[in-house]
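User: I would like to learn how to read a ligand site and the sheets in a model. Please take them one at a time.

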Amino acid sequence: MNCFNWLMLQLINYINEQRTIGGIYHLLKGKRSAQTIQDAYLFKCSEYVGSLKALTRQDYTEGLKKLEDMGWICFQGSETIKITESGERKRRELSRQFQLPEGYDGAKYEWNGSAGLLWERLSLTVQSLSFLNRGQTSFLPVSYHQETQMWVKQLFKYHSNNYRVLAERLHLDLYNFLTDLPEREGNLFVNRLTSPMRTGKTFKQLSEAYQNDPLYARIHFQAILHRCFVSVKGNQGSYPMLSQFLFGINEHQFVTKSAKETSRLLKQGRTIEEVKMLRGLKHSTIEDHLIELALYEPNFSYKPYLTYQHIKDVLSVASKLKTKKLRLIKEQLPQLSYFQIRLALTKQR
Amino acid sequence: MINLTELLKSKFGHDQFRPGQEEIIQSVLSKRDVLAILPTGAGKTLCYHFPAKLMEGMTIVVSPLLSLMEDQVHQLRAAGDKNVVQLNGLLTFEEKKRILRSLNKNSILFISPEMLTNDLVIRRVSGIQIGLFVVDEAHCISQWGHEFRTDYLRLHEVKERIGNPPCLALTATATSQVEEDIIKKLAMEQPVIHRFSVNRKQIKLITVEAFDKTEKLDLFFEHLKRLVKPAIIYTSTRKEAVAMAETMKEKGYVDVAFYHGGMTKEDRLLIQHQFLNNEINYICSTNAFGMGINKPNVRSVIHLHIPPSIEQYVQEIGRAGRDGQESTALLLYTKEDRAVPMAFIDQEFPTERELKTWFSVLKGWNPTTPLVDSSVMEELQRVLFIDETRWKMLLYYFRKFGALDDKHIHMERVNDQLFKKLYQHFLSRRKHKENNFYQIESLLNGKECIRKGVLQYFGEEMTGTLKKCCSNCGLTIENYPLNDYSQDENTFASWQEELENILVPYNRRGLLNETSRHN
Ligand SMILES: Nc1ncnc2c1ncn2[C@@H]1O[C@H](COP(=O)(O)OP(=O)(O)OP(=O)(O)O)[C@@H](O)[C@H]1O
Ligand SMILES: [Mg+2]
Ligand SMILES: [Zn+2]
């Protein structure tokens, strides 16, 4: 519960009245939209994105209500909230108690489900090997996702169904990877695995080492997966087996498939108008795609949409007014469109 | 004529049929509609699993609870059946699509009534030859169908649309009234009815009234010293299940967890599997975990509230002793406990005023607006200020009484007459539910043999007497020896050792050498 309050207060503090409560919700939940992507970078809270993936609107509303009842936040109108003085004290206090674990990066690994996918592959593979190597061919799989099941089958086939060798290699890699983590994290990870001797534990059951907070245990667990990406990518040679688990999982893939398609057409030299026609999309949708591309394409060209001077103007107004509210910026720069302002703001990171 | 017993041995590994099974299977194989009433744990699963393997075409099994579906699918798969699949509301859209695509005439499909009444599903399923239509836990039609799961009452429509395959309805708990209801609501044709006694001799029944909640808790822990584990502890609400698991932990029962319908799917599965694997031995649960679940060695079932009906009580205690060994069902209650089930009944039905308001708001609704659009439906639901469950119930009855078709509400039929009809219906259903509760209350208040009372409720006479029967026949917890559970310390050694155990148990030495080389 406390970890939940901490995350809520952190995000509310980052946003600092510049977005609606809906915007905060989308950040916590990791909504796949251009606006949320841009906000994540604009408000420098990208590592928090998607940290409460399972959050329902109802839980969120109730959560806010509790914070309000405690006097830690107050509503400014019905759609924006502000952190109060005692709320700020509480946030600081909680921030001493809770921290994002080392290596945790929501935007990179939670947003598009990379960490979740890696875990599905790992846990199902470990489970399958542990059962098969004991001659047990019938068991209840920890993952029902057909895709994951197919993936594991492929992996086995690729290794000529030599389960013993596979298990040994995987063990070696996991052992080496976990040894670099704190002992507590090694325990957390292995406790989540399911084998014939033991069913995986829930985060509630593993929360003791994490201030009795299941959510905090969960975040640490996800962080292990995030670190796995980093360690394995940075040293493929040391993790011959684990690196196979990362095949086909992109961290920085475009958050939406649709934006990817737009990017493809633009690269063919089509104009925005043409893309709009061809894809039957609204102008604003294409603009959203461009924002995504600006955030993720390393060599995205601003030129067709903005001059260098425009970008400088927007950034200086934003910093002078200490705001990220588009309306306030536009009041100062009426000659620019909202889209241009948003695009310019992607430069602010 | 095929030799069924031989098949039983070769395909299922059982030496002989249990009472009732062979007759039921024979009737099903002769393609009659069949209603089978066999006690909990008697082996009803086999009554459809067996014919499913012999009959031409796909088998559909309608199942009410997620936990039950999981359990059954696992057991059938473990018995070597790879064609078993399930469809329920917790799957993603993609997964559902994939499963629907994969169906064929050898499939055994477990499905919730809500999914089965979905138009897309019906269309897909009706393209496949269907050999058998099974409704497991068929008493749910009566118990839940009329109110919060009205899709149960639409199963006969589905049955018709998929070409009226032979229908098998199974339950442990059907009074003659429920029996009638099942036959009617499923539109079964001249069904063969196989009825066996509901009695489970190996389950000993104890009921104890506590003075108040505090004493109830004390008594619970007193009893727990003697009641054998594994045990299921039933509470009336999710909150209580969570709190009770916490309290038990504090008292040193570390191998406990809670279970309820509000948990994530992942957590639910983990807890269920831990329990089935004897990794945890106490589970505090709402009624989301119960009906149909087959864990052979459950030794005790404890109720910390009064179940809403004798049916539900019998279903839940039926989790005990399925391996045939002696077990105990304890029901601990106080007078105050009646408030919760009564409130549940209250919530289920609209009051006269509410119903009136809904009607008058509806009348102001533009009658030409087609209802096909789900957003219009949502809007309407919002205007009426009505929760999902009751909204579905209302729509069901509007449809039933001809005031609603696929596209429109017929405003001219939303009149006083319909109001009276609905109101009368809800009133009598409410009475019925209250009555169900009074019956279990009076069973508890009575001085007569509890077993006898239960049997009477299902229209049976008790034959003979049992040695250790129930608390009204002289059985008390003091007759049980004290448990001697040495503190189950957590056996998790270190992650290094555990990981090795999981992946390379056969090769300790060699592997350790290899690891140290690597470092
Ligand atoms: N002929 C048989 N011989 C031995 N064991 C059997 C036989 N038939 C069934 N069983 C076993 O009996 C146990 C209980 O069966 P099942 O789950 O089908 O009961 P059920 O009648 O459906 O009970 P419920 O009403 O609680 O759902 C299972 O473990 C099953 O394997
Ligand atoms: Mg059953
Ligand atoms: Zn008795």
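Analyst: What follows covers the ligand site, an annotated span and two sheets. This is a predicted model, in which local features need pLDDT of at least 70, side-chain atom pairs count only at pLDDT 80 or more, and totals for chains, interfaces and linings use all residues. Residues are numbered from 1 along each chain as written, chains are lettered from A and ligands numbered from 1 in the order written, and side-chain values use heavy atoms, without hydrogens and water.

User: Which residues come nearest to ligand 1?

Analyst: A residue is near a molecule if one of its heavy atoms lies within 4 Å of it. Here 18 residues surround ligand 1, and B:Gly41, B:Lys44, B:Thr45, B:Asn294 and B:Arg322 come nearest. By class the shell holds four nonpolar, nine polar and five charged residues; Ala, Val, Leu, Ile, Met, Phe, Trp, Tyr, Cys and Pro count as nonpolar, Asp, Glu, Lys and Arg as charged, and the others, Gly among them, as polar.

User: Which polar side-chain atom lies 2.7 Å from an oxygen atom of ligand 1?

Analyst: A polar contact with a ligand is a pair of N or O atoms within 3.5 Å. The atom at 2.7 Å belongs to B:Arg322. The side chain of B:Lys44 has an N or O atom 2.6 Å from a ligand oxygen, and for B:Arg18 the distance is 3.0 Å. The protein covers 84% of the 650 Å² of accessible area that ligand 1 has on its own (Shrake-Rupley method, 1.4 Å probe).

User: What does UniProt place at residues 25-192 of chain B?

Analyst: UniProt positions use the numbering here, and annotations may be inferred rather than shown by experiment. An unreviewed entry gives "domain: Helicase ATP-binding" for residues 25-192 of chain B. The span is 43% helix and 17% strand, with its end C-alpha atoms 11 Å apart; helices (H or I, at least four residues) and strands (E, at least two) are DSSP runs, numbered from the N terminus.

User: In what order do the seven strands of the open sheet in chain B stand?

Analyst: Two strands pair if DSSP finds at least two bridges between them. The order is E3-E4-E2-E5-E6-E1-E7, with parallel pairing. Strands E3 (84-87) and E7 (192-195) of chain B each have a single partner strand, so one side of each lacks a neighbour in the sheet. Four bridges join E2 (58-62) to E4 (108-111) in chain B, and B:Thr59 stands opposite B:Ile108.

User: Which are the edge strands of the six-stranded sheet?

Analyst: That open sheet of chain B, ordered E8-E13-E12-E9-E11-E10, has E8 (203-209) and E10 (256-259) as its edge strands. Four bridges join E10 to E11 (282-285) of chain B, with B:Tyr259 opposite B:Ser285.

Key. Polar contact = N/O pair within 3.5 Å; in protein donor to acceptor, adjacent residues only side chain to side chain.
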